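Here are my notes on this one, written as I went through it. Have the structure open while you read, and take the points in order.

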Amino acid sequence: MIRLIHANVAYGDFKSPYQRVLALFFPRVHRRAHEPGRVVLSDVTLQLTHGAALAVLGDADALFRLIAGEVSCSEGTAEIRGHVVRVDGGETLLPFLSGRGNARLFARLYGCNRQEVSELLAAVEASAAFGDRFTVPVKRYCAEERALLSLSVALALHPDTLLIDGGLSALSPARLSALLSRLRAELLSGMCLLLHAPQEIASLVCRRAVWIENGRVQRLGSFAEVAAARRIARCQKRLTVCTPKSAFVGVAKKCPAHEDAPRPPHAAGLLSFH
């Protein structure tokens, strides 16, 4: 379960490496002595229960980092229950390790014992169908193989909450369809999903969405309503930016009092010499 009440996240403004080290060991002292720096999440109230699927449109990094436990609330309340796994489309995979080595490493980082690691490797190899490629270094993988490896490892960990931050657009239609079917099955079993992906993909699995821009929740509701509101806002922003430059190009202002006044010779393109 995820419950955020007026949650704010601000990155500290460190003026020297010494202050950064002090903040690691004495966070409360640093919070009292220094004003918060850049605010990346402001006044976010959100609640998700088991089996919920929510699409995140716009800026998702700060929200995902808060839910994954990478950062803490500067103000407000954040209540996260259960096992949370975040997937970034394969960007955090170590290129010099093989697919098997990366899967074993992530399983260890998430607290799996030897037996669980062996079961996870078998599940990943069976679901991803890598074959001999599973023992090849990840630096030789294409974008689809990296995304598929990360997603397979994440699902094999059986998380209570899964955060998918990109990578789905790199999958082929067949693999994407199989992955979405598996996600729907996991949602029926009680997993909570937050998905940051292109709208045409997110709409296939999420009925609700949240639009976050500049650290604030702009809209929360059904996927169709939120996507439409975001599309209208972006169109209005483009019109506001483009209209002053294009509407008055080549337009000459005329004074009403001099519209009927006789034009001088040079205005008509004539020159007189005396």
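1. I'll start at a turn in the backbone. Right after H4, Gly111 adopts a positive phi of about 85°. Keep in mind throughout that this is a predicted model, so everything below is computed from predicted coordinates.

2. Now the helix before that glycine. H4 covers residues 99-109, and its buried residues are Gly99, Gly101, Asn102, Ala103 and Ala107. What sits over them? Helix H5 (114-128) and H6 are part of the cover.

3. Asn102 deserves a look of its own. Is this H4 residue buried or exposed? Its relative accessible area is 0%, and the cut-off for buried is under 20%, so Asn102 counts as buried. Setting aside neighbours within four places in sequence, Asn102 touches Leu93, Leu94, Leu97, Val138 and Leu149.

4. For the overall picture, the chain has nine helices and nine strands. Of its 274 residues, 37% are buried. If you take the contacts between residues at least 6 apart in sequence, 72% of them link residues at least 24 apart.

5. Next, the sheet. Six strands make up an open sheet, and reading across it the order is E5-E6-E7-E3-E8-E9, with mixed pairing. Strand E5 (84-87) and strand E9 (216-222) are the edges: each has a single partner strand, so each has one side with no neighbour in the sheet. From one strand to the next, the twist averages 15°.

6. As a general reminder, strands in a sheet pair through backbone hydrogen bonds, in either a parallel or an antiparallel sense. Here, strand E6 (residues 161-165) and strand E7 (residues 192-196) run parallel and are joined by five bridges. If you want a place to find that pairing on screen, look for Thr161, which is opposite Cys192 in E7.

7. E3 is the strand I would look at next. How many of the residues of strand E3 (residues 53-58) are buried? Five of the six are, so the rest of the structure largely encloses this strand. On one pairing, E3 runs parallel to E7 with three bridges between them, and Ala55 has Leu195 of E7 as its bridge partner.

8. E3 also pairs with strand E8 (residues 208-213), again in the parallel sense, over five bridges. Two pairs help you trace this: Leu54 is opposite Arg208 in E8, and Gly58 is opposite Ile212 in E8.

9. In which sense do E8 and E9 pair, parallel or antiparallel? They are antiparallel, with six bridges. Ala209 is matched with Gly221 in E9. The two strands form a hairpin with two residues between them, and Asn214 in that hairpin has a positive phi near 55°.

10. Back to the helices, beginning with the one on the sheet. Helix H6 (residues 143-156) lies across E5 and E6, and runs at about 175° to E5. H6 is also among the elements that cover the buried residues of H4.

11. H6 has a helix partner too. In general, a packed pair of helices is described by the angle and the distance between the two axes. For H6 and helix H7 (residues 173-188), the axes come within 12 Å and cross at roughly 15°. Angles under 35 degrees count as roughly parallel, so that is the label for H6 and H7. Their crossing is left-handed.

12. Which residues make that contact? From H6 they are Glu144, Leu148, Leu151, Leu155 and Ala156, and from H7 they are Arg175, Leu179, Arg182, Leu183 and Glu186. Sorted by class, the contact of H6 with H7 has six nonpolar and four charged residues, with no polar ones.

13. Last, a contrast to Asn102. Glu200 sits in helix H8 (residues 199-202). With a relative accessible area of 57%, Glu200 is exposed, whereas Asn102 is buried at 0%. Glu200 and Ser169 are 31 residues apart along the chain, and their C-alpha atoms are separated by 9.8 Å.

Terms used. Residues numbered from 1 in each chain as written. Predicted model: local features only at pLDDT ≥ 70, side-chain atom pairs only at ≥ 80, totals over all residues. Heavy atoms only, no water. Pairing = 2+ DSSP bridges. Helix = DSSP H or I, 4+ residues; strand = E, 2+ residues; numbered from the N terminus. Axes fitted to C-alpha atoms, helices over the stretch in contact; angles between N-to-C directions. Contact = heavy atoms within 4.5 Å. Buried < 20%, exposed > 50% of the residue type's maximum accessible area, 1.4 Å probe, protein only. Parallel < 35°, antiparallel > 145°, perpendicular 65-115°, else oblique. Left-handed = near helix turned anticlockwise from the far one by under 90°. Nonpolar A, V, L, I, M, F, W, Y, C, P; charged D, E, K, R; others polar.
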